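Have the model open beside you as you read. We will go from single residues to sheets and helix pairs, with a short note on each term along the way.

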Amino acid sequence: MSATADDYRWMARALELAERGLYTTTPNPRVGCVIVRDGQMVGEGWHIRAGEPHAEVHALAMAGEQARGATAYVTLEPCSHHGRTPPCAEALVNAGLSRVVVAMEDPNPLVAGKGLTRLRDSGIEVLSGIQEAEARELNIGFISRMTRGRPWLRLKAAATLDGKTALNNGVSQWITGDDARRDAHRWRARSCAVLTGIGTVRDDDPQLTVRAIPTERQPLRIVVDARLETPLSAKILDGSPVLIAGAVDDAERIAALKRRGADVLILPNTGGKVDLPALMTELGQRGINEVMAESGFKLNGSLLREGCVDELILYFAPALVGDAAGGLFNLPALTSLTDKRQLVFRDVRLVGHDLRILARPA
C-alpha cells in the first residue's frame, strides 16, 4: 500500500496539532491525530499533558459514529499498554476504523510495534513512515530518552560576531536583542530542564524561568555546582523545581540547600567534578526529555568534551568587542585542523537583528 497526496496532507495537519503540546506534554511525547472520512475531517485532537487523554481519544470523541470506516492519521504509533490512560490502539479498534496512517513507530519499549500489530491483527489497514522525519524532530527528546536513556541536550549561547560572550570585566547583558531573547525563551519553554553552572549563578544571578512568552509550566532548573557553593540568596532557588548537582558530600551544605527547596544530587567523577554523563543518565531516569544548557565558557566546554551536547543554538549579534573578551567554549588547543569538532548546520536565520544558527555535531 503506497501513500497518497491526501495522506501527506492530513499527516501535516496532525503534526500541526501535535505541536500545540510543545510546552505541556512532558514527559510524554507530543502527538496529534486527525480522523478523515470520505475526504472530510470528522475529528481531530492532540495530547495536551501527561495523565490526560491522548490525541486519539480527543479525535474519536469529536468524530463519534463517523469514525467507523474512517482513516486515522496519528503522528506516533498508538499506545498498546495501560499507563495512566487506556491503550489508544484498542480505542481505534473499538471505534471501527478501517485504516490508520502513522508517522513513526513508538520507541518506547512498552509499545515499539505492538500498537501497530494490534491494529493489523484486528483487520485495520496500517501505513507507517509518513513524514517520519518531521515527527522525529518534534519528539527528539522523547526518542533520545527511550533509545539512549538520556535527554536531548541543546547548548544555547549568545555571542558577538567575533565569538565573545562577555567583556573582560564579566559584563554580558545584553549582547543580543529582544527578539533573540524572546526566541531563546521559546526554546527554554519547550525544555523539561534548563541547566547552568555555578559560575553563571555567581556572576549573573539568573532566574532561568520562562518569562518572555506565556507558559503554564516552568522547566526544572539545574545547577552544576561541584563544591555546593550556590549562594542561599540566589534567585535560582526562589520557587521550584531546582536541582543542584554536586560532587562533595557536605551534609551541612546539602541540608541548607534543601531548606531552600532544592533537590541535591551528588555525582562525583574521578577528578572531583560533577560527572556530566552520569547526570544525563539520571535526568533520563527522571523522565526529562529535553535539556537546554545556558551556561558559561567552562561548563560549555565540559559538556562538549564529555559528549553531552546534541545540538547548539547560537545567537550572534552584529557587533565586535575584541580579542580580550570571553569566548564561547573552554576547549583544548589543537595542533591539527583534522582534530576540529565538525558541525552540521540545521537552520540559519535572522531573528530580529541577530543571527541564529542551529547546528549539531557531525
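Leu208 is buried, because its relative accessible area is 5% and buried means under 20% relative accessible area, exposed over 50% and partly exposed in between, with a 1.4 Å probe and protein chains only. You will find Leu208 in the loop between H8 and E8; such labels are DSSP runs numbered from the N terminus, helices (H or I) having at least four residues and strands (E) at least two. Its backbone deserves a look too: phi of Leu208 is near 60 degrees, a positive value in a residue other than glycine. Before going on, please keep in mind that this is a predicted model, in which local features need pLDDT of at least 70, side-chain atom pairs count only at pLDDT 80 or more, and totals for chains, interfaces and linings use all residues. Residues are numbered from 1 along each chain as its sequence is written, and side-chain values use heavy atoms, leaving out hydrogens and water.

The loop between helix H8 (198–204) and strand E8 (220–224) also holds Asp205. Phi of Asp205 is positive as well, near 50 degrees, and this residue is not a glycine. With a relative accessible area of 26%, Asp205 is partly exposed. Another backbone feature sits in the loop between H1 and E1, where Pro27 is found: the peptide bond from Thr26 to Pro27 is cis, with omega near 5 degrees. Why point these out? Most residues other than glycine have a negative phi, and most peptide bonds are trans.

Now turn to the sheets. One is an open sheet of 5 strands in the order E2-E1-E3-E4-E5, with mixed pairing; two strands pair if DSSP finds at least two bridges between them. Strand E2 (40–46) and strand E5 (125–128) are at its edges with a single partner strand each, so one side of each has no neighbour in the sheet. From one strand to the next, the twist averages 15 degrees. Angles like this run from 0 to 180 degrees between N-to-C directions, and axes are lines fitted to C-alpha atoms, for helices over the stretch in contact.

Within this sheet, strand E4 (residues 99–102) pairs with E5 in the parallel sense over 4 bridges, and Val101 stands opposite Leu127 in E5. Helix H1 (residues 5–19) packs on the sheet and touches strand E1 (32–37), E2, strand E3 (71–74), E4 and E5, its direction making about 145 degrees with that of E1. Val101 itself lies in strand E4 and, at 0% relative accessibility, counts as buried. What is Val101 in contact with, leaving aside its neighbours within four places in sequence? Its contacts are Asp7, Met11, Thr71, Ala72, Tyr73, Val74, Leu127 and Ile130, where contact means heavy atoms within 4.5 Å.

Two helix pairs come next. The axes of helix H3 (residues 88–95) and helix H4 (residues 114–121) come within 9 Å and cross at roughly 15 degrees. H3 and H4 are therefore roughly parallel to each other, given that angles under 35 degrees count as roughly parallel, over 145 as roughly antiparallel, 65 to 115 as roughly perpendicular and the rest as oblique. Ala89, Glu90, Leu92 and Val93 of H3 make this contact with Gly115, Arg118 and Leu119 of H4.

On to H3 and another partner: helix H2 (residues 55–63) packs with H3 at an angle of about 20 degrees, their axes 9 Å apart. H2 and H3 are roughly parallel to each other, therefore. Here Glu56, Val57 and Leu60 in H2 meet Cys88, Ala91, Leu92 and Ala95 in H3.

Finally, another open sheet has 9 strands in the order E10-E9-E8-E7-E11-E6-E12-E14-E13, again with mixed pairing. At its edges stand strand E10 (263–266) and strand E13 (343–351), each with a single partner strand, so one side of each is left without a neighbour in the sheet. Its twist averages 20 degrees from one strand to the next. E13 and strand E14 (residues 354–361) run antiparallel, joined by 8 bridges, and the bridge partner of Arg349 in E14 is Arg356. Helix H10 (residues 276–285) packs on this sheet, touching strands that include E8 and E10, and its direction makes about 160 degrees with that of E8.
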